[in-house]
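Hi there,

Here is the structure I promised to pass on. Have a look at it first, and then read my notes underneath.

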There are 2 protein chains.
Amino acid sequence: MAGRFPMRSPVLSYLDTLHARYSGIKEGKVADYIPELAKASPDAFGICLATRDGHLYEVGDTRQKFTIQSISKALTYGLALEDRGEEHVLSRIGVEPSGEAFNAISLQEGTGAPYNPMINAGAIATCGQVLVKDGQTRIQRIIAYLSKFAGQKLEVDEAVYRSESETGHRNRAIGWLLRNFDIVDEDPHDILETYFQQCAISVTCADLAVMAATLANRGINPLTGERAIAQEYVDNVLGVMATCGMYDWSGEWIYRVGLPAKSGVGGGIMAVLPGQLGIGVFSPPLDKQGNSARGIRVCSEMARGLALHLFNPSAAPQPAVRHSYNGNQVVSRRRLPAAAAHIVRRFGDRIRVMELQGPLIFSTFEPVMRALLRQAAYSRHVIVSFRNVVSADEVSLRFFAAMHVQLSFAGVSLVCCHLGGLTRQMLTAGVPPEAMMETIDAALEHCEDQLLKESGEVSWHESGRITLKRCAVFGSVTEEDLAFLEAQLPTRTYAQWETIIHAGSMADELFVLTSGTVEVRFTPTGSKLPQRLDVMTAGMTFGEMAFLDGSVRSADVVAVDEVQCRVLSRELYQQLDRDRPALKIAIVDQLLRLLSSRLRQANVEISALRN
Amino acid sequence: MAGRFPMRSPVLSYLDTLHARYSGIKEGKVADYIPELAKASPDAFGICLATRDGHLYEVGDTRQKFTIQSISKALTYGLALEDRGEEHVLSRIGVEPSGEAFNAISLQEGTGAPYNPMINAGAIATCGQVLVKDGQTRIQRIIAYLSKFAGQKLEVDEAVYRSESETGHRNRAIGWLLRNFDIVDEDPHDILETYFQQCAISVTCADLAVMAATLANRGINPLTGERAIAQEYVDNVLGVMATCGMYDWSGEWIYRVGLPAKSGVGGGIMAVLPGQLGIGVFSPPLDKQGNSARGIRVCSEMARGLALHLFNPSAAPQPAVRHSYNGNQVVSRRRLPAAAAHIVRRFGDRIRVMELQGPLIFSTFEPVMRALLRQAAYSRHVIVSFRNVVSADEVSLRFFAAMHVQLSFAGVSLVCCHLGGLTRQMLTAGVPPEAMMETIDAALEHCEDQLLKESGEVSWHESGRITLKRCAVFGSVTEEDLAFLEAQLPTRTYAQWETIIHAGSMADELFVLTSGTVEVRFTPTGSKLPQRLDVMTAGMTFGEMAFLDGSVRSADVVAVDEVQCRVLSRELYQQLDRDRPALKIAIVDQLLRLLSSRLRQANVEISALRN
């Protein structure tokens, strides 16, 4: 029990080591093309790693402000795509790496389109694609957009902006060239001022990591839960970062480091491992390509040290099958009378349950389809549970719907359960509502009912009121003793939804159900909905476990319809020892058989769940 | 039961549709720069998808031979890296996209190094890096290397090779330029012939898919299980394919299609989704960039239709925790005497079990570390099971070792189990051997022993020989009845490892253990090693379940050390009904309690495994 002193995560210890190792290295030169940037301390140095679920690991100067500079280009590109659509944006700005420096005034032959949105020409053209909309100027929209990535309100550093604007003559030349080729449709003045302001937005190293984690997390900011960029454009932004993000060192970057990334002359680098995490590094001295010198080294080392490479295949998605078992290994919670139980034990292997897990995409769902096709030769009923599925893309759901059709043709019914939020998408994919069940248990009941029907119309419960003789616990009791019990055991009736046993109460009675159905319910702490633990019908006993070992009731028992019970009190049960030992033995023998068969079933279920 | 007619996988149906849609489209022109290539049929068209576990989905002309051409460049680059190492190869051949056509004679300023290994200049230089070794020529080594990717012996199409060699003057010029810049160290003649032969290797569309799947599968051919390329160089090959694989359309390819790929003028395209699958497409007509026109369209459509984009974040690796529960929810298989069982129930929450699953990499293991650090405040013993872990990279094991140290400092013991093939790597990572256990069960026993020790030296078993009075099943029997039993119950002794009960035999005896330990064992079909289901010690009963419900023995029971039992026969058990009903009731009552408490424990375990 280590509550007394806080433990440092080994991840932080790793980042500490990295920070210490590289803080001593004095390479590169702080950007000085404007006086405001030249003020940055060459020793400022922060590293932040943000996980896809919003946990931040920070060491060093992760909360010091600096200007975002070119890193903004990648994010504003997302806004342009959202405003204009992919084809329109591609007609103005290419996506081919140029192999040239960031400020090269080179445009594609013929069209005059900038090679890609990461060089200045492309970024200025990108600003031009952002719409003035909803009463907001371009820069207001860009600030709001980037703020969603950061998870907090960002602002322009006015001093840096003025300084950029005063000295941005080369960029003005680019702006007018773009106007000349009609890549920009208007006087470029406003677009250029927008561009200078965008580059002067203040951020911290932690902001960059969160922005990167937002891209890693399909466009949803993991801190706020808010969507920052439409999911369909996340791939595009990561694509241009992967091929053009690091100026004329991009090819080598993706080869050596393997993370889509963008750097800025303010000393920041934002790097993304798609689907996994985001990294922000801040260190102002720049190398000759204009990338943060320490930033490049830290990212390279982290990529190697933590095996974060984009192509690292040890992160291969796994087949989505979590458990797979037959309907005689795991049965529904509903207890069956002997004849029905026998059929389920004998033919239960015609029911197959597959519990899925993880994200469903083509590669995780394809092995499931293969298993289902194999299964079709042996099963009549297949239940697929989505309880542990964390997400499902449209592709996998479409294939699920196709499997449903295929299996139907072959006479195999496929039902799915625990769909949660996926229900609507399942319907859209074409799965009929009758193939969707709420829980595995409901699906098992449904399939067991089919089995019982196929095997000669055996019912899952006794109907009407039954005699004590037909109650399992009294199965070997003599006629005389039955008459005695008939006289001695009080009858109780309960209305539908009435609670028969309250959790926490003393267990001094054993209940024998002579008509109707009851449900054992348990409400886990922190949950509002009760779980159904057991269902018992006429002829069965309930409340025996606490009765036998003298503990308090562990769960509620509720009447599902009108219920009649006979009640055996502890007093009478004990008196039998002396007064009617043969009756007592007959009862207890039967209870032993019942418990023994339940324990057997529980052990089968445990081993099915274990394997 | 659909065994009667085979079902077509929805994946094949999808590929059928794709094939039908694009076979009608007649774009592009078959390569005709040499007569042999011009012979290819413009209608030949095959699509093959190979999964990471070696399942092939094929439609159309997937077994027709054609020459590999430039696709060989990507694979031979792997051989060059293996022969010379990354830094040496990088000093001769760059990795920056050139934005130029495949046959451009452009070399980097200053060094004369080709921009990348995917243009002809770079590929010829790459051939020059392959060593003549082990009595094998360069081309022999290249053929053997590519054959491992295909999973079968490949051959050079001699007619195509001669034709390439006769007309390869431009490539000869490139060869001599490379010689001039010392990128090639020798007369380029042999290197050029090697290059021409390499391009003339015959493959099929299915071969390309398997080659791609091999790259997707960390370099191991999924059909043969053989390693084709050292794992450390898989990233490099995929990296150059991603940025330079599709000639001067590479940027747009990775932006739109998002799969590292390589095309050849023979009409083939090989595309890889790292960690997931490989695609081969064959269709000879080429577009103006020299890529298979149908191939480009099919790959684009498949990437969109199956959501295969490299940056597709819906495939995000999931946190590796499969189950997590306390040591009072799931206990060891060993049954404990009442006093010990009480302690484990009461203090079992000091033991925490985390079962992990899937591939362990930084992103899947990092949330485990967070959970472990939180857990440290509540637990004294943590068990981490690797049974469902499919792979673990060095990074995750190093962090595991660091967690072990951190938790030790905090007084929490961390043990791991079910390591299988990971044991050696765990040792290398610095985890001490005493922290590794074979199974969860062994680990639970170890931790339970610690609990029992901490809580006042309670033993997990009775020692020596015990009286019937101290056997649980006889706990409420009178002195007189005990004397009766003492006289009536035969004694049996067994040597260590002797089998007491054989699975399949009739169950007409109930065993009461008066000294020693027994183990219930079950050997699952298809397994050689028996599983340990239960361990019982002096004072406990075994064999009761089959005895009670009259079924045959379901498992073996073996003496773990010298064992003494008393045996209650069915005959005597039944006679008691009449002769000594009070004794019978005392025994049966006790059996009911024992079964009831085991059923309770089983239910707790089921719900721990369910959640």
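Below is what I found, going from the whole chain to the contact and then to one sheet.

Please keep in mind that this is a predicted model. Chain A holds 22 helices and 20 strands. Its radius of gyration is 34 Å, whereas the globule rule gives 25 Å for 611 residues, so chain A is more spread out than a compact globule. Along the principal axes, the C-alpha atoms of chain A fill a box of roughly 110 × 60 × 45 Å. Even so, 53% of the residues of chain A count as buried. If you take the contacts in chain A between residues at least 6 apart in sequence, 72% of them join residues at least 24 apart.

Next, the contact between the chains: chain A and chain B bring 96 residues each. On the side of chain A, helix 22 (residues 581–610) gives the largest share, with 20 residues. That side of chain A has 52 nonpolar, 27 polar and 17 charged residues.

Finally, there is a sheet you may like to find in chain A. Four strands make up this open, antiparallel sheet, in the order 14-19-16-17. Strand 14 (499–501) and strand 17 (531–537) of chain A are at its edges with a single partner strand each, so one side of each has no neighbour in the sheet. From one strand to the next, the twist averages 30 degrees. Strand 16 (residues 517–522) of chain A is joined to strand 17 of chain A by six bridges; Val520(A), for instance, has Asp534(A) in strand 17 as its bridge partner.

Best wishes

Note on methods:
Residues numbered from 1 in each chain as written. Chains lettered and ligands numbered in written order. Predicted model: local features only at pLDDT ≥ 70, side-chain atom pairs only at ≥ 80, totals over all residues. Helix = DSSP H or I, 4+ residues; strand = E, 2+ residues; numbered from the N terminus. Rg over C-alpha atoms; globule rule 2.2 N^0.38 Å. Buried ≥ 20, exposed ≤ 12 C-beta atoms within 10 Å, placed from the backbone. Contact = placed C-beta atoms within 7 Å. Nonpolar A, V, L, I, M, F, W, Y, C, P; charged D, E, K, R; others polar. Pairing = 2+ DSSP bridges. Axes fitted to C-alpha atoms, helices over the stretch in contact; angles between N-to-C directions.
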